[in-house]
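This report describes selected metal sites and one surface feature of the structure shown below.

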Amino acid sequence: MNNRRILHTLEQHSIRPTPMRMLVLEHFLQQRSAQSLAELETTMPRADRITLYRTVKTFVEKGILHQVEGGPGATRYALCHDACTEGEHRDFHPHFHCTVCGQTVCLDTVHLAVPALPAGYRLSEVEMAVRGVCPGCA
Ligand SMILES: [Zn+2]
Ligand SMILES: [Zn+2]
Ligand SMILES: [Zn+2]
């Protein structure tokens with residue numbers, strides 16, 4: 001169903017399509033919330049764990065997924081919506097963590113102010129965690 005979009009996204013980021021990569025990307029396209037590795041393992045029980053981890057790592061390196069810290073439990077991963085490229089993420093938005101169910105979502109309509117850095121410093125990410133209760137738990 002999303003096959004053309006999946007292939008296009010992989011191609012755009014110079015990633016060779018493999019069944020696992022397509023499966024993981026398809027999964028993320030269907031999710032509204034960020035996923036932890038444990039959650040990915042649960043939803044894809046037949047996937048080889050090491051391959052799954054490597055796929056997520058590749059996607060982060062290539063600018064398809066970004067890491068979300070600060071939520072309960074674990075590091076989560078979410079699809080990049082902005083023009084992220086290899087080694088340069090531009091996901092400068094806050095993340096909302098529901099304190100009841102632990103769901104984490106990108107607030108990607110909100111743009112964080114990126115501080116100007118002194119000469120010689122290179123920015124890799126800007127983090128802002130917002131906590132509260134999601135509509136499903138309210
Ligand atoms: Zn990104
Ligand atoms: Zn919730
Ligand atoms: Zn995000």
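How are the donor residues of the zinc ion (ligand 3) spaced in sequence?

## Zinc site of ligand 3

The donor residues of the zinc ion (ligand 3) follow the pattern H-x26-H-x1-H-x10-C. Within this pattern, His 93 and Cys 106 link distant parts of the chain, 13 residues apart. His 93 belongs to the loop between strand 3 (76-79) and strand 4 (95-98), whereas Cys 106 lies in strand 5. Both His 93 and Cys 106 are buried.

In this predicted model, the zinc ion (ligand 3) has as protein donors His 66 (NE2), His 93 (NE2), His 95 (NE2) and Cys 106 (SG), at 2.0 to 2.3 Å. The four donor atoms form angles of 105 to 112°, and the site is tetrahedral. The ideal angle for four tetrahedral donors is 109.5 degrees.

## Zinc site of ligand 1

The zinc ion (ligand 1) is coordinated at 1.9 to 2.3 Å by Cys 80 (SG), Cys 84 (SG), His 89 (ND1) and Asp 91 (OD). Along the chain, the donors of this ion are spaced C-x3-C-x4-H-x1-D. The arrangement is tetrahedral because the four donor atoms subtend angles of 101 to 119°.

Two of the coordinating residues may be characterised by accessibility. Cys 84 has a relative accessible area of 4% and is therefore buried; Asp 91, at 7%, also counts as buried.

## Nonpolar surface patch

Val 114, Leu 117, Tyr 121 and Leu 123 make a nonpolar surface patch of about 370 Å². Val 114 is placed in the loop between strand 5 (104-106) and strand 6 (129-132). With a relative accessible area of 38%, Val 114 is partly exposed.

Terms used
Residues are numbered from 1 along each chain as its sequence is written. Chains are lettered from A and ligands numbered from 1 in the order in which they are written. This is a predicted model: local features need pLDDT of at least 70, side-chain atom pairs count only at pLDDT 80 or more; totals for chains, interfaces and linings use all residues. Side-chain values use heavy atoms; hydrogens and water are left out. Donors are N, O and S atoms within 2.8 Å of the metal (3.2 Å for Na, K and Ca); water is not among the atoms, so sites may look incomplete. Four donors count as tetrahedral if all angles lie between 85 and 135 degrees; four count as square planar and six as octahedral if opposite donors are over 155 degrees apart and all others between 65 and 115; anything else is irregular. Buried means under 20% relative accessible area, exposed over 50%, partly exposed in between (1.4 Å probe, protein chains only). Patches are made of residues with over 30% relative accessible area and no salt bridge: like charges are joined within 9 Å, nonpolar side chains (Val, Leu, Ile, Met, Phe, Trp, Tyr) within 5 Å. Accessible areas come from the Shrake-Rupley method with a 1.4 Å probe; for residues, only the protein chains shown count as cover. A salt bridge is a side-chain nitrogen of Lys or Arg within 4 Å of a carboxyl oxygen of Asp or Glu. Helices (H or I, at least four residues) and strands (E, at least two) are DSSP runs, numbered from the N terminus.
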